[in-house]
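Open the model in a viewer and keep the selection tool at hand. The stops below go from the whole chain to single side chains.

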Amino acid sequence: MAKRKCIICGILFDCPPSSGKITCSPECSRKHRQDLHRAGVYDKSMSAMRAKSPASKSIENNPNAELWVIKSPDGIIYECHNLMLWLQSHQDLIDGTPRQAWDGISKIKYSMQGKRKNPSKSWKGWTLVAWGEHKL
């Protein structure tokens, strides 16, 4: 084992010579990563990752977003290609937060697919008519 000096606290610690460790503990490692973030070391890689990730795009025409057809408690049918974005922009129509509505409607979808032990047919009066490229 080789001895190294922690770049955060200065304590000597044991590690294999082939190891890339530069900190002595998880706490010092966390502090080091926070310092790197503050210094902007990860800015380029984070923005590149966000640009590549379809999940990070909340635009209505996201090619990976699926079609959702939902029916309100009043019987009005709504279509959207990004359910969370639609729920966020129509918060006045739903009873609860967009995340709660998304969870409720997703549970209806999983119930229709036979993936839930306790099936759900509606969420606070909202029902799912269709999703994906497949209309029911």
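This tour says at each stop what to select and what is found there.

**The whole chain**

Begin with the full chain, and bear in mind that this is a predicted model. Shown as a cartoon, the protein chain has 4 helices and 6 strands. Followed from the N terminus, the order of the elements is β-β-α-α-β-β-α-α-β-β. Of the 136 residues, 27% are buried. Switch to a surface view: the accessible surface is about 9300 Å², and carbon and sulfur atoms account for 54% of that area. Among the contacts between residues at least 6 apart in sequence, 30% join residues at least 24 apart.

**Helix 4**

Next select residues 98-112, which form helix 4. Does the length of helix 4 fit its 15 residues, or does it not fit? At 1.5 Å a residue the expected span is 21 Å, and the end C-alpha atoms lie 21 Å apart, so the two agree.

Colour the buried residues of helix 4: Pro-98, Ala-101, Gly-104, Ile-105, Ser-106, Ile-108, Lys-109 and Ser-111. Then show what covers them, which includes strand 3 (68-71), helix 3 (83-89) and strand 5 (127-131).

Zoom in on Ser-111, which counts as buried because its relative accessibility is 13%, under the 20% cut-off. Which residues does Ser-111 touch, its neighbours within four places in sequence left aside? They are Arg-116, Asn-118, Pro-119 and Ser-120. Past the end of helix 4, select Gly-114, where phi is positive, near 80°.

**A salt bridge from helix 4**

Go back to Lys-109 and add Glu-66 to the selection. The two side chains form a salt bridge, with an N to O distance of 2.7 Å. Lys-109 belongs to helix 4 and Glu-66 to the loop between helix 2 (43-52) and strand 3, so this pair ties together parts 43 residues apart in sequence. Lys-109 is buried, at a relative accessible area of 11%, whereas Glu-66 is partly exposed, at 27%.

**Lys-124 and its partner**

Move to Lys-124, in the loop between helix 4 and strand 5. What is the sign of phi at Lys-124, which is not a glycine? Phi is positive there, about 50°. Most residues other than glycine have a negative phi.

Now select Asp-95 as well. Lys-124 and Asp-95 form a salt bridge whose closest N and O atoms are 3.8 Å apart. The pair links distant parts of the chain, 29 residues apart, with Asp-95 in the loop between helix 3 and helix 4. Lys-124 is partly exposed, at 48% relative accessible area, and Asp-95 counts as exposed, at 52%.

**Helix 1**

The structure holds 6 salt bridges, and another stop among them is in helix 1 (residues 26-39). Select Asp-35 and Arg-38, whose side chains meet at 2.9 Å, N to O. Being 3 residues apart in helix 1, Asp-35 and Arg-38 are separated by about one helical turn. Residues three or four places apart in an α-helix point the same way, because there are 3.6 residues a turn. Asp-35 is partly exposed, with a relative accessible area of 27%, while Arg-38 is exposed, at 61%. Add Lys-31: salt bridges that share partners join Lys-31, Asp-35 and Arg-38 into one network.

**The aromatic rings**

For the next stop, show the rings of Tyr-78, Trp-86 and Trp-126, which ring pairs link into a cluster. The structure has 3 aromatic pairs. In the pair of Tyr-78 and Trp-86, the ring centres are 5.0 Å apart and the planes stand at 50°, so the pair is tilted. In the pair of Trp-86 and Trp-126, the centres are 6.2 Å apart and the planes stand at 70°, so the pair is edge-to-face. Trp-86 is in helix 3 and Trp-126 in the loop between helix 4 and strand 5, so the pair ties together parts 40 residues apart in sequence.

Are Tyr-78 and Trp-86 buried or exposed? Both Tyr-78 and Trp-86 are buried, Trp-86 at a relative accessible area of 7%. Trp-126 is buried too, at 3%.

**A nonpolar patch**

Finish on the surface by selecting Ile-7, Ile-8 and Ile-22, which make a nonpolar patch of about 230 Å². Ile-8 lies in the loop between strand 1 (2-5) and strand 2 (12-15). With a relative accessibility of 31%, Ile-8 counts as partly exposed.

Definitions and conventions
Residues are numbered from 1 along each chain as its sequence is written. Side-chain values use heavy atoms; hydrogens and water are left out. Helices (H or I, at least four residues) and strands (E, at least two) are DSSP runs, numbered from the N terminus. Buried means under 20% relative accessible area, exposed over 50%, partly exposed in between (1.4 Å probe, protein chains only). Contact means heavy atoms within 4.5 Å. The expected span of a helix is 1.5 Å times one less than its number of residues. Patches are made of residues with over 30% relative accessible area and no salt bridge: like charges are joined within 9 Å, nonpolar side chains (Val, Leu, Ile, Met, Phe, Trp, Tyr) within 5 Å. Accessible areas come from the Shrake-Rupley method with a 1.4 Å probe; for residues, only the protein chains shown count as cover. A salt bridge is a side-chain nitrogen of Lys or Arg within 4 Å of a carboxyl oxygen of Asp or Glu. Rings of Phe, Tyr and Trp (its six-membered ring) pair if their centres lie within 6.5 Å; planes under 30 degrees apart count as stacked, over 60 as edge-to-face and the rest as tilted.
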